[in-house]
Amino acid sequence: KIIVDGDKVGIKRKFLDSYVNNVEKIWKDIKIDEVKTNGFITGFKVSQISKNSVFEKLGLKTGDVITKINNIRLNNYNKAFKIYKNIKNIKYLNIEILRNNRRLELNYEIN
């Protein structure tokens, strides 16, 4: 399902699709809240992750703020939903997060 090979992480397409098609499972495994600065959304904070969930296995942690996915700044819900709707068509997933005030990138190949 999720393959780690050194610093490369791969996600099986079939696994990702089965997860994306089950919205209830997604919201059972992760809770997020919008983060605002001066009244504008600047990202989405991970407020809870279920133990051993796909999100934990992908390296996300409680407290992370997801700011970009595939170079798309998450500054509104429409952009987040657009990424979600198009995830079946992507081959690479790049998630930019803020963790303890440091920018990190999580990169995945979908095959």
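**Buried charges, a nonpolar core and a pocket**

Glu96 is found in strand β7. The model discussed here is a predicted one, and the chain comes out with a mean pLDDT of 90, with 98% of its residues at 70 or more. Confidence does vary from element to element: strand β1 (residues 2-5) has the lowest mean pLDDT, 76, while β5 has the highest, 97.

Back to Glu96. With a relative accessible area of 11%, Glu96 counts as buried because that value falls under the 20% cut-off. Its side chain is joined to that of Arg103 by a polar contact of 3.1 Å. Once neighbours within four places in sequence are set aside, the residues in contact with Glu96 are Val65, Ile66, Thr67, Lys68, Arg103, Leu104 and Glu105.

Asp64 is another acidic residue worth a look. Asp64 sits in the loop between α3 (54-57) and β5 (65-69), and a relative accessible area of 1% makes Asp64 buried. Here the polar partner is Arg99: the two side chains make a polar contact at 2.8 Å. Beyond four places in sequence, Asp64 is in contact with Phe44, Lys45 and Val46, with Gly59, and with Ile97, Leu98 and Arg99.

Lys12 gives a rather different picture. This lysine lies in the loop between β2 and α1 and is partly exposed, its relative accessible area being 39%. Apart from neighbours within four places in sequence, Lys12 is in contact with Lys1, Ile3 and Asn111. As for Lys79, the C-alpha atoms of Lys12 and Lys79 are 24 Å apart in space, and 67 residues separate the pair in sequence.

Right after that loop comes α1, and this helix is mostly covered, with 6 of its 8 residues buried. The buried residues are Arg13, Phe15, Leu16, Asp17, Tyr19 and Val20. The cover over them includes strands β1, β2 and β8 along with helices α2, α3 and α4.

Turning to the nonpolar side of things, the largest nonpolar core has 28 residues, of which Phe55, Leu60, Ile66, Leu93, Ile95 and Tyr108 touch the most other members. Two or more residues of this core come from each of β2 (8-11), α1 (13-20), β4 (40-49), α3, β5, β7 (92-99) and β8 (102-110). Phe55, one of the core residues that touch the most other members, reaches Tyr19, Ile26, Asp29, Ile30, Ile49 and Leu60 when residues up to four places away in sequence are not counted.

Phe55 turns up again at the largest pocket, which has a volume of about 740 Å³. Its lining takes in 29 residues, and the closest to the pocket centre are Ile26, Trp27, Phe55, Ile69 and Tyr84. At least two lining residues are supplied by each of α1, α2 (23-29), β3 (30-37), α3, β5, α4 (77-86) and β7. The largest share, 5 residues, comes from α4. Some elements do double duty: α1, α3, β5 and β7 are among those that give two or more residues to the core, and α1, α3, β5 and β7 each supply at least two residues of the pocket lining as well.

Definitions and conventions. Residues are numbered from 1 along each chain as its sequence is written. This is a predicted model: local features need pLDDT of at least 70, side-chain atom pairs count only at pLDDT 80 or more; totals for chains, interfaces and linings use all residues. Side-chain values use heavy atoms; hydrogens and water are left out. Helices (H or I, at least four residues) and strands (E, at least two) are DSSP runs, numbered from the N terminus. Buried means under 20% relative accessible area, exposed over 50%, partly exposed in between (1.4 Å probe, protein chains only). A polar contact is a pair of N or O atoms within 3.5 Å; within protein, one must be able to donate a hydrogen and the other to accept it, and residues adjacent in sequence count only if both atoms are side-chain atoms. Contact means heavy atoms within 4.5 Å. A nonpolar core is a set of buried Ala, Val, Leu, Ile, Met, Phe, Trp, Tyr and Cys residues joined through side-chain atoms within 4.5 Å. pLDDT is the predictor's confidence in each residue, from 0 to 100. On a 1 Å grid over the protein atoms alone, a cavity is a set of points where a 1.4 Å probe fits but cannot get out, and a pocket is an open set with protein on both sides within 12 Å along at least five of seven lines; lining residues have an atom within 4 Å of a point. Grid points are joined across faces, edges and corners, and a volume is the space filled by probe spheres set on the points.
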